[in-house]
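This report covers the empty spaces and the nonpolar cores of one protein model.

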Amino acid sequence: MIKRFLLTTCFILFTAGVIHAQLADIERVEPEFWWAGFHETELQLLVYGDNIGSSRASLNYPGVTLKQVISVENPNYLFLYLDVTDEAEPGTFTIIFKKGDRVLTHEYTLLEREFSSTRHQGFDSSDVIYLLMPDRFANGDPTNDEIPGMIEGVDMDEPFARKGGDIKGISDNLEYIKDLGMTAIWLNPTFENDMPYNYEIGAGFYHGYAATDMYKVDRRFGTNEEFVAMIQKSQEMGMKVIMDKIHNHVGTHHWFIKDLPMADWIHDQAVVGNTNYRTDTIMDPYASQADFNSTVKGWFVDEMPDLNQRNPLLADYLIQNTIWWIEYSGIDGIRMDTHPYPYQDYMAEWTRRVLEEYPDFNIVGEVWMQNVATTAWWQYDFPTASGYNSYLPSVTDFPLYRAIVSGLNEEPGWDTGLARIFYTLGQDFLYTDPFLNVIFVDNHDLTRFMTSVGEDYEKYKLGLAMLLTTRGIPQIYYGTEIMKMGGANDPDKRRIFPGGWPGDEINAFTAEGREKLGQKRNLPIPEVFEYLRTIVHWRNGKEVIHTGDLTHFIPENNVYVYFRHNEDETVMVVVNGSTGDYSLSLGRFDEFLYRYSSGTDIISGDEFELDSNLLLDGMRAYILELSR
Ligand code: CA
C-alpha cells in the first residue's frame, strides 16, 4: 500500500517536471553523421537530451525531408525519421528544435560515400581468418591502459582483468599476421565496454561483449580514427578485417540502459530471467512457448540486458549502427555474436539490409548448435517449415569442430576416430553452401586446441592439416601458431601473446623468440609454426582448395583420404590418424589416380610414386599435389 502511494506521488511530481521543464542541451545525435546515396533512403536519428522529447523539430535541405518525429515514454529522447533521397548531395544542414521560446540547433552532415577496391570485399573460402582478442594480443600503447573516468584499468595478475592490448598493438604486428599467411583478421569486439567488474564472479569485460556505447571504440583500445587507420593499413597489406557485433545484448552500463527510452527497449529480467542457452527451441517443432521465450527473451548474463529487437525504433537503430560502421570503417565482413538469440525475424531483416547495401560483403553468424541440421537451418535459403529465410551467408561450423576434436582423441571404430569427420561432412547436403562455413579447431570461447588434443603435437598437426584442406573458411585463433594451451575457463584460453607487452621476456613475434619459447616449454614450436605457415601460404594460391570439389573415402584403419579437385588439378590428402606405419593400397582411389603418376607432399617436399602402395608414417598428414 505504501509502495503504491509513493509510486503515485512520484508520477505526479515527474509529470509536473515535464510540463515545466526547459530544453537543455542536446547530448547525443546518433548516428553522429550519415552518407548520401544509400539504397535505403530512410534515416533514423536518435536525439538525446534533457526534455528534448517535447520539442518541435524541423530542417530545410534540398533532397532531405523530415518524414516523422516520434516522442517516446522517456522525455529525453526524440526520434526523427528523415528521407535522404537520391537528390540529396553531401553537405551539412541545420536541424532546429523548438519548445516555447527556447531554440536549439544541431548541425548534421551527410558525407560522400567512399568506394574503393580494398573496402567491403567480403570473405570466402579463399581466405584464412586470424581471430584475435584485442585486449590480449599486444599492448602497443601503454599510455591508454588507464583512461581517467573509465571504470577499469590494467591488472596483469588478475586473470579476468584487462591487460592493456590495443589497436596500436594490432597495427604494429600486422606484418607478423601477414607473414603467417593470413588473409583476414577477425577482431573480438572493440566497442566501449565501460563496465563495473567483479573478478570474484568472473565478471571482467576485457572481451568486449558488453557494449556501453555502440558508436565508439573503447578508448583503452584507441580512438575510432585509429581503428579505421588500422583497418586501412591491413587492407592495403592484403588482409581483410571482420568486425565482431552483438545485437542480442549490451552492457548494464550502456548509456541508453541507464536511461531507457521505452520500457520495452529490453526484456524485463524480473519476468524472463536469464536465457536457457538452448537455441534448438527456435527450430524444434515441439518446443514449448516457455522454453522459446527463455531462449530469446532471457538475459545472456546478469550484466548483459537482453535487447528487444521487436521494438521497431531499436531495430532501426541497430541496423543503422551496422551500416554506419561498415561505411565509416570500410570493414569487409561481420561476425555476429549469439546470432540465434535475438528474434529471428529481426536477424533476417538485419542481414538482408546489410547485404542489400553491400552485396560483396559477408556475414558469419555465431550459431553454436549441437548438430549439422540445426546449424544448417541458419544458413540462407534453408527450407524451413515456416518459410523463414535467414539470408545469412556463413555459419560457424561447430559440428565439424567437435568431429575433429573427438576424432583425434577417441579410439577409432566404425563411426569414431577420423570416421567421425567423414560422417559429419557427409551431412553437408543439409547446408545451402557448406563452402561458406567458417571452420575452426578453437576460438576465444573454446578450450585451446593444443589442450583439446592432450598436448599431443602430432594430433595437433593433423587437425591443422585437415582444417586447411577441407571445405570451408578456416579460422585460426591467435596463439595457435605458437601452440598456446588453455582450458575451458575464459582467462585460460585468452592469455596474452608473449612479446606483445613491453618488457616481455620472450617475443614470440620473432623466430628467435619462438625458438626460445619452444625450449622453455619443451615443445616443437618453431616446427609447428612453420608447418602451419607452409600450408597456409600454399593454400592461399590454391584455387582447388578454395573452390574445388571435395571427394572423400570411407576411412579404413583410421586413415582418411580425400581429394580436392577441379578441372585443372587434383590434391590428395592422406591423414593417418594411428600411431603405427601403414601401407596404403591405392586401388580404391583409381577414379582420381588413373590420370596421375606421382604426388608431391607440399609440407615435406617429398615425392611419392603412385604405382604401388603408399607407405605412411604414423600420425602424419600428407598433402599431395598430383602430377601426370
Ligand atoms: Ca594499451
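A cavity is a set of grid points where a 1.4 Å probe fits but cannot get out, whereas a pocket is an open set. The model described here is predicted. By that definition of a cavity, the structure holds three cavities of 30 Å³ or more.

The largest cavity contains about 50 Å³ of space. Its lining consists of Trp186, Arg335, Glu366, Thr396, Phe398, Val438, Phe440, Asn443, Asp445 and Gln475. The largest pocket contains about 700 Å³ of space. It is lined by 31 residues, and Tyr277, Phe300, Val301, Asp445 and Asp490 are the closest to its centre. Asp445 thus appears in the lining of the largest cavity and also among the residues closest to the centre of the largest pocket.

The two linings divide by residue class as follows.

| Lining | Nonpolar | Polar | Charged |
|---|---|---|---|
| Largest pocket | 14 residues | eight residues | nine residues |
| Largest cavity | four residues | three residues | three residues |

The largest nonpolar core has 174 residues, of which Tyr130, Phe137, Ile177 and Trp378 touch the most other members. Helix H9, residues 312–329, gives the most to this core, with eleven residues. A second core, separate from it, has 19 residues, including Val559, Leu584, Phe589 and Leu616.

Contacts of Phe137 can be listed in full. Leaving aside residues up to four places away in sequence, Phe137 touches Tyr130, Leu132, Gly169, Ile170, Asn173, Ile177, Tyr478, Phe497, Gly500, Trp501 and Phe509. Among these contacts are Tyr130 and Ile177, which are also named with Phe137 as residues that touch the most other members of the largest core.

Methods. Residues are numbered from 1 along each chain as its sequence is written. This is a predicted model: local features need pLDDT of at least 70, side-chain atom pairs count only at pLDDT 80 or more; totals for chains, interfaces and linings use all residues. Side-chain values use heavy atoms; hydrogens and water are left out. On a 1 Å grid over the protein atoms alone, a cavity is a set of points where a 1.4 Å probe fits but cannot get out, and a pocket is an open set with protein on both sides within 12 Å along at least five of seven lines; lining residues have an atom within 4 Å of a point. Grid points are joined across faces, edges and corners, and a volume is the space filled by probe spheres set on the points. Ala, Val, Leu, Ile, Met, Phe, Trp, Tyr, Cys and Pro count as nonpolar, Asp, Glu, Lys and Arg as charged, and the others, Gly among them, as polar. A nonpolar core is a set of buried Ala, Val, Leu, Ile, Met, Phe, Trp, Tyr and Cys residues joined through side-chain atoms within 4.5 Å. Buried means under 20% relative accessible area, exposed over 50%, partly exposed in between (1.4 Å probe, protein chains only). Helices (H or I, at least four residues) and strands (E, at least two) are DSSP runs, numbered from the N terminus. Contact means heavy atoms within 4.5 Å.
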